[in-house]
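Colleague: Could you walk me through this one before I go back to the bench? I would like to go piece by piece.

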Amino acid sequence: MRGQDGAARTPDALHTAPRLVRRPWLLPSALVAELDPDAERSGRPPRRTARDWVVDFTCFLLAVVVGVLAAQSLGSEEDMPRALLVTDQLLGVLSCAALWIRRRRPLGLAVAMVPVGFLSNTAGGACMVALFTLAVHRPFRYVAFVGGADLALVPLFFWLRPDPDLPYPGAVVFTGILTGAVIGWGMFVRSKRQLMLSLRDRARRAETEARLRAEQAQRLAREAIAREMHDVLAHRLTLLSVHAGALEFRPDAPREEIARAAGVIRESAHEALQDLREIIGVLRAGESDDGGRPQPTLAALDALVAESREAGLKVTLDQRVTEPAAVPASVGRTAYRIAQECLTNARKHAPGAETEVTVEGGPGEGLTVLVRNAAPDGDVPPVPGSGQGLIGLTERATLAGGRLAHGPRDDGGFEVRGWLPWPQAVR
């Protein structure tokens with residue numbers, strides 16, 4: 001019974017699972033829009049998060065620093081025409097300013113930066129940021145096209161405008177390595193985002209499958225209850241038929257015998273109506289493999305506890321029922337099933353722990369079934385199972401008009417408490 005490995009989760013609990021996006025301001029806006037199921041789908045680009053503003057400003061500042069350093073190196077070249085120097089710096093300024101639209105137009109900005117980077121030395125930092133953005137936001141085929149164009153122009157660029165500090169081969173190799181590193185970094189960031197999205201999809205599928213399993217467990221519980229109620233109802237109607245037939249064929253029977261038969265008919269009809277109310281709304285299943293098997297009642301709890309003791313479970317039974325013989329068959333059967341499932345779980349999840357089964361109640365106040373076990377001694381190896389036992393018990397108790405609660409205790413044990421209606425006998 002301890003550690004029900006998810007069996008206690010109901011469909012309502014699944015619907016109230018925590019959101020995947022707990023701190024959206026720490027994530028990119030594009031990722032938040034994909035992860036958050038409540039995000040608006042208006043077709044417009046998502047608004048920047050606090051993290052986006054920090055990253056965008058950092059990229060802009062980095063591009064400006066690289067441009068300033070490149071402008072200083074250009075100023076040291078005495079043979080550089082002033083018009084070319086001004087044009088280079090103007091293109092660098094415009095490229096840095098264009099970085100603020102890199103999230104909305106990553107492909108267009110990266111393509112525009114190919115000729116700009118070839119003409120302007122001060123736009124080199126902005127070109128690298130645009131290429132990184134393209135690798136993050138677009139598939140590899142676009143990155144390969146733009147990155148290949150950049151790498152193809154690198155030898156020609158340094159042939160026309162040699163670097164004053166590096167030899168020609170060194171400048172070409174360094175720029176090629178830097179371009180490849182930027183592309184690889186961007187693809188790594190993109191792969192991490194795709195991994196998060198795939199984990200989100202897997203979590204949603206797992207939640208849907210768990211909900212379907214819970215619904216299937218409820219359906220199977222309803223079908224099992226329908227089979228049991230069919231047997232009980234057939235028994236009630238058979239009694240009605242027998243006693244009504246006796247009255248029909250013996251109209252001259254003594255008055256006391258007629259009154260006794262009429263009382264049996266009235267009581268059986270009342271109990272049949274109670275059983276019929278429980279079976280309404282429950283889907284009938286096919287014929288059971290164990291048809292005709294006598295259904296357990298509250299009186300079978302002693303045998304159940306004795307069987308559990310023989311299996312090695314330390315269990316005590318405390319029955320404080322005022323009128324055990326008057327417990328309705330459906331109520332006693334449900335109480336028996338609750339105790340049976342709880343003792344089975346205790347043997348699986350808390351072997352060797354002490355288990356207490358308490359049954360109390362009376363007519364008019366209902367029947368309470370309380371099963372609790374202490375924490376197991378040491379670690380318990382995981383036991384395979386469907387994990388749907390408590391879902392079926394909850395459904396069974398609800399259909400019987402009662403309720404069932406379960407959960408861990410403060411001392412590490414587990415507790416299941418069920419209440420079933422026990423109406424006052426009709427006089």
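Modeller: Gladly, and to fix terms at the outset, helices here are DSSP runs of at least four residues, numbered from the N terminus. Please keep in mind that this is a predicted model. In that numbering, Thr179 falls within helix H8, which covers residues 168-249.

Colleague: Is Thr179 buried or exposed, then?

Modeller: Thr179 counts as buried, because its relative accessibility is 3% and the limit for that label is under 20%.

Colleague: And what is Thr179 in contact with, leaving aside neighbours within four places in sequence?

Modeller: With those neighbours left aside, the contacts of Thr179 are Met128, Leu131 and Leu151. Leu131 is itself one of the buried residues of H6, the helix that runs over residues 124-137.

Colleague: How much of H6 is buried?

Modeller: Twelve of its 14 residues are, so H6 is largely enclosed by the rest of the structure. The buried set includes Gly125, Ala126, Cys127 and His137. As for its length, 14 residues at 1.5 Å each should span 20 Å, and the end C-alpha atoms of H6 are 20 Å apart, which agrees.

Colleague: What about H5, where is the kink?

Modeller: The kink in H5 is at Met113, shortly before the proline Pro115, and amounts to about 30°. The end C-alpha atoms of H5 are nevertheless 20 Å apart, in agreement with the span expected for its 14 residues at 1.5 Å a residue. Met113 is also among the buried residues of H5, as are Pro106 and Leu109, and the cover over the buried residues of this helix includes helix H4 (82-98), H6 and H7.

Colleague: Switching to rings, how many aromatic pairs are there?

Modeller: The structure holds six aromatic pairs. In one of them, Phe118 and Phe157 meet edge-to-face, at 6.3 Å centre to centre and with 65° between the planes. This pair links distant parts of the chain, since Phe118 sits in H5 (residues 106-119) and Phe157 in helix H7 (residues 140-160), 39 residues apart.

Colleague: Which of these labels fits Phe118, buried, exposed or partly exposed?

Modeller: Phe118 counts as partly exposed, at 22% relative accessibility, whereas Phe157 is buried, with a relative accessible area of 12%. Phe157 also pairs with Phe158, and because their ring centres are 5.3 Å apart and their planes at 85°, that pair is edge-to-face too. Elsewhere, ring pairs join Trp53, Phe60 and Trp100 into a cluster.

Colleague: Now the nonpolar core, which residues touch the most other members of the largest one?

Modeller: Those are Leu298 and Leu367, in a core of 30 residues. Several elements each supply at least two residues of this core, including helix H10 (301-310), strand E1 (314-321) and helix H12 (389-399). The largest share, eight residues, comes from H11. Leu298 has contacts beyond its sequence neighbours with Gln319, Val321 and Leu367, among others. There is also a second, separate core of twelve residues, and Met113 and Ala126 are among its members.

Colleague: Last thing, how do strands E4 and E5 run?

Modeller: They run antiparallel, with six bridges joining E4 (residues 403-408) to E5 (residues 414-420). One of the partnerships is between Pro408 and Phe414. The two strands form a hairpin with five residues between them, and Gly412 in the turn has a positive phi of about 95°.

Key
Residues are numbered from 1 along each chain as its sequence is written. This is a predicted model: local features need pLDDT of at least 70, side-chain atom pairs count only at pLDDT 80 or more; totals for chains, interfaces and linings use all residues. Side-chain values use heavy atoms; hydrogens and water are left out. The expected span of a helix is 1.5 Å times one less than its number of residues. Buried means under 20% relative accessible area, exposed over 50%, partly exposed in between (1.4 Å probe, protein chains only). Contact means heavy atoms within 4.5 Å. Two strands pair if DSSP finds at least two bridges between them. A nonpolar core is a set of buried Ala, Val, Leu, Ile, Met, Phe, Trp, Tyr and Cys residues joined through side-chain atoms within 4.5 Å. Rings of Phe, Tyr and Trp (its six-membered ring) pair if their centres lie within 6.5 Å; planes under 30 degrees apart count as stacked, over 60 as edge-to-face and the rest as tilted. The bend at a residue is the angle between axes fitted to the seven residues ending there and the seven starting there.
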